[in-house]
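Biologist: Please give me a close look at a single part of this model, the largest pocket, and then follow its lining outwards. Which strand gives the largest share of that lining, and how many residues does that strand supply?

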Amino acid sequence: MKLKRPAFRLSVLGFTAMELLTVLALGAVILGSIVVGYGTLVRMRTGVAALVTVQLGAARMAAFAYPNASGTSRNVVTAPSYGMMAQAETLRETFLSDTLGATAVFCLPRSGVNTYKPHTISYNPVQHGELDTPQKFHDHLYEILGRPASFPYRNYRNPLNTASTTPSENASIFVLGFSRVENKLKVLALYDIDVVRYTGSTEPQGYYVSVKRYSDNPLGTTYQLAFSGGYEVFYPPSIPNPDPSRPDQWASDGFTPLFITFERATRLAWVESTEIDRFKKAAERPFYFIWWPDPGARNLARSTTTLPVLDPRHAYNHMGGSTSFMFTVPMFPTL
C-alpha cells in the first residue's frame, strides 16, 4: 500500500533557487530606495535648517518688538521651514478666532515699519462720522494722530493692483472689537505683515518675511500692544545661484497683493472708474481676500496671468499657487 505525502510537508521544503534570487533582488531594490530616500531627507534637513543673518536695522527691530531682541539683525531660517510652518498654522487659528468675534476688520497697506500699536483708538461717532470703509479708517487715523509727515499707511484702493502700479508689500490688519470705554474703539489684535527685499552685493539675496500679532500687553500697560506671536522666514531667489550684481534676474519675485477689498455691489450706483468699480462685487457685506506668505514654499516666484487688466481676478490670480494661507474675511464680521 502506497502512502501519500502529508500536505503540511510542503510548507517546510524551502525555497527554490529562483525564488531566493527573486527575494534577494526585491530586497536590494527596497534597501536601495530606503538609502536614496534617507539621503534626500538628510540633504533637505540641512537646507531647511540653514540660517541667514538679515540686517533689519534698529528702527525695524524696535518696531517689531520681538521679545528679548536687541541689536540690528536677526538670524532667520531659510524656506522651506516646517518649524515655521507649525507656527504659521497656530497663528492662522488665532487669526480666525480674532476675526470671528470682531466688529470690524480694516486692512491698510503700509510703507516702512509700523510703530502704531494702540490698545484703543479715539473715536466719536458724532464728530468723526461712520467708519464703513478702510479708506475712512485710514483718514480717521491720520486725523487723530495729528496728520504726521511720516504716516506709514497708504490711502489704498484696489486700482493700485493694476499692471501699471505695484501695491505695497507691507500691511497692517486692525481687528477691532466692542469697547467698554466711551468714545474709544478697542483693538482686539493687530497683525503686521512685512516683506523686505535684499539685493545688496554683501547681503543675502532674497526676501525676509514676517507675520506678527500684537495684543493686550501682559504687563498691564494700556497704551501699547505687545508682541504675542508670529513667524518669520527668509526666501532665496527663485533662480539658483543668482549673481549678486544682477538682482534684475529675479525681479519678478515678490508677494503682492497682501489683500484685496471687495466693496458692496450697491456702490456701483456711484460710478468712479472702471479700475475701482471692478471690485464692487459683494452682494451684501464688503469682505477681503487676504494672503500670508507660506513658510513651506521654496521661494516667492510669481505665476503669470492672461486675464484682462479690468477683470478683478487679474489683481490676484497669480496668488493661487503662491501660498496655502489664504483667508476670506468680512469687513464687519459680527454685524
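Modeller: The largest share of the lining of the largest pocket comes from β9, which supplies 3 residues; helices (H or I, at least four residues) and strands (E, at least two) are DSSP runs, numbered from the N terminus. Before going further, please keep in mind that this is a predicted model, in which local features need pLDDT of at least 70 and side-chain atom pairs count only at pLDDT 80 or more, while totals for chains, interfaces and linings use all residues. Residues are numbered from 1 along each chain as its sequence is written, and side-chain values use heavy atoms, with hydrogens and water left out.

The pocket itself holds about 480 Å³ of space. Among its 23 lining residues, F106, L131, D132, F332 and L335 are the closest to its centre. A pocket here is an open set of points on a 1 Å grid over the protein atoms alone, with protein on both sides within 12 Å along at least five of seven lines, whereas a cavity is a set of points where a 1.4 Å probe fits but cannot get out; lining residues have an atom within 4 Å of a point. Grid points are joined across faces, edges and corners, and a volume is the space filled by probe spheres set on the points.

At least two lining residues of the pocket come from each of β3 (104–110), α5 (134–144), β5 (170–177) and β9 (259–264). By class, the lining has 12 nonpolar, 5 polar and 6 charged residues, where Ala, Val, Leu, Ile, Met, Phe, Trp, Tyr, Cys and Pro count as nonpolar, Asp, Glu, Lys and Arg as charged, and the others, Gly among them, as polar.

Some of these elements also line an enclosed space. A search of the whole structure finds 2 cavities of 30 Å³ or more, and the largest of them holds about 80 Å³. Of the 13 residues that line the largest cavity, P134, Q135, Y156, R157 and T261 are the closest to its centre, and β3, α5 and β9 each supply at least two residues of its lining. The cavity lining divides into 6 nonpolar, 4 polar and 3 charged residues.

The helix α5 deserves separate attention, since it contributes both to the pocket lining and to the cavity lining. Its buried residues are P134, Q135, F137, H138, H140 and L141; buried means under 20% relative accessible area, exposed over 50%, and partly exposed in between (1.4 Å probe, protein chains only). These buried residues pack against β3, β4 (120–122), α4 (125–128), β5, β9 and β11 (287–292), so the partners of α5 include three strands that also supply the pocket lining, β3, β5 and β9. After α5 comes G146, with a positive phi near 85°.

On the approach to β9, the loop that runs from β8 (226–235) contains P257, and the peptide bond between T256 and P257 is cis, with omega about -5°. A cis peptide bond with omega about -5° also joins A79 and P80, and P80 is found in the loop between β2 and α3 (82–100).

Strand β2 (residues 73–77) contains R74, a charged residue that counts as buried because its relative accessible area is 19%. The side chains of R74 and E232 are joined by a polar contact of 2.7 Å, that is, a pair of N or O atoms within 3.5 Å, of which, within protein, one must be able to donate a hydrogen and the other to accept it, residues adjacent in sequence counting only if both atoms are side-chain atoms. Beyond its neighbours within four places in sequence, R74 is in contact (heavy atoms within 4.5 Å) with V52, T53, V54, L56, M61, Y66, A69 and E232.

In strand β7 (residues 206–215) lies V211, which is buried, with a relative accessible area of 0%. V211 and Y231 are 20 residues apart in sequence, yet their C-alpha atoms are 5.6 Å apart in space.

For the protein as a whole, the secondary structure comes to 6 helices and 12 strands, and buried residues make up 43% of the 335 residues. Of the contacts with a separation of 6 or more, 70% are between residues 24 or more positions apart.
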